[in-house]
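Visitor: I am new to reading protein structures. Could you walk me through this one?

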Amino acid sequence: MNPIRWLGELLEKTHWSFVVAIVVIYGINQGFGYALAKVGTDYYMKDVQKLQPSESQVYLQIARIPWFIKPFWGLFTDIVPFFGYHRRPYFILAGIVGILSMLFLSLHEKLHIGLALLSLMAGNAGGAIADVTVDACIANQSVTHRSLAPHIQSLCSMSSSIGALIGYSLSGVFLHLIGPKGVYGLLSIPYGLMLLVGILLDEQRALTDYTQVPKKFSDAIMRMRTTLKRQDVWGQCFYMFISFALSLNIHEALFNWETDSKAGPSFSQEAVGFISSIGSVGSLLGAILYQHSLKTHPIRSLLFWAQLFLGVSGMLDLVLILRLNLKLGIPDMLFAIINESVFQLVQNLKWLTFYVITSKLCPSDIEGTFFALVMSIDNLGNSSSEWLGASLLCYLNVTSTQFDKLWQAILIRNVMRIAPLCFLSLVPNVGEDSESGLSSLQDNEILEPRNVELTPLIASASS
């Protein structure tokens, strides 16, 4: 099915405001906004706050704490409505918090690192609230229209990839013209559109009985606990965590080497943005490849090859660090683009597989909470990767000026990326379009667990 056709099917079977919400949250906020924020924050931490690579990674993960407590936001969006609405008020709240935090970062000179972290945390809180809210909408639609689940995830991925492509393309220019703090001011615009989504979203108003909120909290926690006891569910969650946690992240050291090291290519701000923008094409190609060729393949097979290629492709960083690409006659810019594109393609295929499974795991009526719980495991895995990577850099004494052992860090990271394959058997070996077994996790099925396989669950998706 071509993109125009399945997009038309989404508009026909859902509502245009749902599609707009995905484009705004995934495309503009998490795609375009994340691209600007990522490059801008790298330079903000390096040039404005003057932090070492390992320090920067640790501080940035502290700022991401709101993403770790996504189940908390999910519980509120599912259980605590405002004025009869479960989703719209949270989009509005997220937009307001994000606008204020970005403007605060932008307008203050020589901001203390503590206040900067608080502002970044507030911005991440806005992003996390909006993310869990739109994910609840996605999970609900994926359960209601099960055949649309892969199409919805493809729309999310393509929106994010196109947004990132545009964001990375312009990031270098914006950094050169207005600097890192100016970029933060610009990021208030995606949050403004987030607020607009809350105003426009089509949502049926429900009767509000706040006396039932404590009981609903208790029931939601019980249902999540019962669902997580299923071997296929906790096995999937454990593999998700371990596959991200063991993929050690040493990005800040590589960034400093590429921009500041005399032995490196000394990429400019515009070059960094250009490399990331072209690299994000790999992410878009991954979404297209998944939609047209891979969405019906067995999940375990997809995850095996994605994780294996992730480890093998990491050797490209080693080639760049050792300057072997120059000996092969490949310019630094071209090689860096190839490296980034391959990484983005493989990583997006892995993320898409996890997202489709997760959207189908969600019990009815607590979609936001359960999706947020599983995705918080994902976020915790990524942050563990950052912390472990920072620890490795400290152990090897890799700093913003000392890169002698960076090649060792890359080798260790690549081996660790392949290690999660030892736990791949925990993931059910089924096709993502499978419809057999549990068609959905209804209330009576959750509260009275039976020995059923995850096949039907499979039939229901990130500074």
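Visitor: Which residues does Thr-133 touch, leaving out those up to four places away in sequence?
Guide: This is a predicted model. In it, neighbours up to four places along the sequence are not counted. The contacts of Thr-133 are then Thr-77, Arg-87, Tyr-90 and Phe-91.

Visitor: Is Thr-133 buried or exposed?
Guide: Thr-133 lies in helix α7, residues 113–144. A residue is called buried under 20% relative accessible area. Thr-133 has 0% relative accessibility, so it counts as buried.

Visitor: Where does Val-183 lie, and is Val-183 buried or exposed?
Guide: Val-183 is part of helix α8, residues 149–186. Its relative accessibility is 2%. Buried means under 20%, so Val-183 is buried.

Visitor: What separates the C-alpha atoms of Val-183 and Val-39?
Guide: Along the chain, Val-183 and Val-39 are 144 residues apart. Val-183 also touches Leu-36, among other residues. In space, the C-alpha atoms of Val-183 and Val-39 are separated by 9.4 Å.

Visitor: How many Å apart are the end C-alpha atoms of helix α2?
Guide: Helix α2 covers residues 16–48, which is 33 residues. A straight helix would reach 48 Å at 1.5 Å a residue. The ends of α2 fall short of that, at 42 Å.

Visitor: Which residue is the kink in α2 centred on?
Guide: The bend in α2 is about 35°. The centre of this kink is Tyr-34.

Visitor: How many of the 33 residues of α2 are buried?
Guide: Helix α2 is mostly covered. Just after it comes Lys-50, with a positive phi near 55°. Of the 33 residues in α2, the number buried is 26.

Visitor: How many residues of helix α5 are buried?
Guide: Helix α5 runs over residues 70–79. Its buried residues include Trp-73, Leu-75 and Ile-79. The helix is largely enclosed by the rest of the structure, because the buried count among its 10 residues is 8.

Visitor: How many aromatic pairs are there?
Guide: Two rings pair if their centres lie within 6.5 Å. By this rule, the count of aromatic pairs is 13.

Visitor: What kind of pair do Phe-68 and Trp-387 make?
Guide: Their ring centres are 6.0 Å apart. Their planes meet at 75°. Over 60 degrees counts as edge-to-face, so the pair of Phe-68 and Trp-387 is edge-to-face.

Visitor: How many residues apart in sequence are the parts that this pair ties together?
Guide: Phe-68 is in helix α4, residues 65–68. Trp-387 is in helix α18, residues 367–395. Phe-68 is buried at 19%, while Trp-387 is partly exposed at 33%. In sequence, the parts tied together are apart by 319 residues.

Visitor: Which residues do ring pairs link into a cluster?
Guide: Here ring pairs join up into a group. The cluster holds Phe-72, Trp-73, Phe-76 and Phe-217.

Visitor: Which ring does the charged end of Lys-350 sit over?
Guide: Arg-88 has its charged end over the ring of Tyr-85, 4.8 Å from the centre. For Lys-350, the charged end is 4.3 Å from the ring centre. That ring belongs to Phe-244.

Visitor: How many disulfides are found in the whole structure?
Guide: A disulfide is a covalent bond between the sulfur atoms of two cysteines. Cys-137 is buried at 13%, and Cys-156 is buried at 1%. Over the whole structure, the number of disulfides found is 0.

Terms used:
Residues are numbered from 1 along each chain as its sequence is written. This is a predicted model: local features need pLDDT of at least 70, side-chain atom pairs count only at pLDDT 80 or more; totals for chains, interfaces and linings use all residues. Side-chain values use heavy atoms; hydrogens and water are left out. A disulfide is a pair of cysteine sulfur atoms within 2.5 Å. Buried means under 20% relative accessible area, exposed over 50%, partly exposed in between (1.4 Å probe, protein chains only). Rings of Phe, Tyr and Trp (its six-membered ring) pair if their centres lie within 6.5 Å; planes under 30 degrees apart count as stacked, over 60 as edge-to-face and the rest as tilted. Helices (H or I, at least four residues) and strands (E, at least two) are DSSP runs, numbered from the N terminus. A charge sits over a ring if NZ of Lys or CZ of Arg is within 6 Å of the ring centre and within 35 degrees of the ring normal. Contact means heavy atoms within 4.5 Å. The expected span of a helix is 1.5 Å times one less than its number of residues. The bend at a residue is the angle between axes fitted to the seven residues ending there and the seven starting there.
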